[in-house]
Amino acid sequence: MKKSEKDLLLKIARNEEPQKVFDKLNKGQLVKSPYSTIVKYQIDNKEELGIKSMQLPEPWNGHLSKAKIMFISSNPSIGYEHFPTKKWDDKDIVDFFDNRFRIPLEDKDIPRFWKSIAKYVTWLIPEAAELSVLEILDNYVVSTELVHCKSRNEKGVSKCAKEECKFLNDIIKEFRGDIIILLGSTVKKYYDSGLYSINKENVKIAYLPHPNARGYSDKERKKELF
């Protein structure tokens with residue numbers, strides 16, 4: 001991994017603002033911040049999620065400067081899992097996200113979102129269909145987000161999108177692949193508004209409904225891809 005890529009990953013994961021908000025809210029203090037709503041989701045659901053410390057913002061998953069295809073969605077969902085917190089050292093944080101798709105998982109434990117984007121890859125690169133889901137992702141994909149803090153159902157995304165999109169612009173600059181796929185109406189809305197941009201030559205851009213969006217067949221989704 002290049003130094004610029006590593007520095008960016010840690011800058012996002014160790015973003016001080018959401019961590020400060022979490023620590024104060026967790027002590028019952030009032031906080032006025034664009035991150036308050038999204039961070040509070042972790043606190044309100046900490047028993048269900050088994051959270052004692054905030055799960056760090058998720059910069060991206062996969063090999064950013066080596067991936068061929070980038071998927072951008074709204075923000076990472078959250079669940080019970082072994083996930084980086086502020087107590088992790090930098091080396092382990094970098095390794096976790098860079099090699100996220102190399103973590104061995106049973107098929108039943110692979111997130112549905114991951115399975116969906118792996119399927120989309122096979123539409124663009126038919127030979128990838130010979131690989132497993134995790135192999136497809138590790139070889140071809142980097143997935144990232146409009147907002148890097150974790151919640152469900154885009155809780156709090158709109159309130160901190162402006163602050164977070166500066167990171168997305170930096171991530172896109174580090175990407176060396178040639179396909180970027182925007183997933184979901186929220187991601188497309190902020191792209192159309194100019195809050196983040198994709199100013200890269202020879203990069204194809206496509207929009208697909210989010211994998212969780214109902215009412216779209218595979219045939220309809222394929223039509224949106226080049």
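**Figure 1. Helices α2 and α3 lie oblique to each other in this predicted model.** The description oblique follows because the two axes cross at roughly 55°, whereas only angles under 35 degrees would count as roughly parallel and those from 65 to 115 as roughly perpendicular. Helix α2 spans residues 16-26 and helix α3 spans residues 36-44, and their axes come within 9 Å. The crossing that α2 and α3 make is right-handed.

**Figure 2. Close-up of the residues through which α2 and α3 meet.** On the side of α2, the residues in contact are P18, V21, F22, L25 and N26, and they meet S36, V39, K40, Q42 and I43 on the side of α3. Sorted by character, the residues of this contact between α2 and α3 comprise 6 that are nonpolar, 3 that are polar and 1 that is charged.

**Figure 3. The chain that surrounds these views, with its 10 helices and 5 strands.** The C-alpha atoms fill a box of roughly 50 × 40 × 40 Å when this is taken along the principal axes. The radius of gyration of the chain is 17 Å, which agrees with the value near 17 Å that a compact globule of 226 residues would have.

**Figure 4. Burial and contacts across the chain.** Of the 226 residues in the chain, 51% are buried, that is, they have under 20% relative accessible area. Among contacts in the chain with a separation of 6 or more, 73% are accounted for by residues 24 or more positions apart.

Key:
Residues are numbered from 1 along each chain as its sequence is written. This is a predicted model: local features need pLDDT of at least 70, side-chain atom pairs count only at pLDDT 80 or more; totals for chains, interfaces and linings use all residues. Side-chain values use heavy atoms; hydrogens and water are left out. Axes are lines fitted to C-alpha atoms, for helices over the stretch in contact, and angles run from 0 to 180 degrees between N-to-C directions. Helices (H or I, at least four residues) and strands (E, at least two) are DSSP runs, numbered from the N terminus. Angles under 35 degrees count as roughly parallel, over 145 as roughly antiparallel, 65 to 115 as roughly perpendicular and the rest as oblique. A crossing is left-handed if the near helix is turned anticlockwise from the far one by less than a right angle, and right-handed if clockwise. Contact means heavy atoms within 4.5 Å. Ala, Val, Leu, Ile, Met, Phe, Trp, Tyr, Cys and Pro count as nonpolar, Asp, Glu, Lys and Arg as charged, and the others, Gly among them, as polar. The radius of gyration is taken over C-alpha atoms; the globule rule is 2.2 Å times the number of residues to the power 0.38. Buried means under 20% relative accessible area, exposed over 50%, partly exposed in between (1.4 Å probe, protein chains only).
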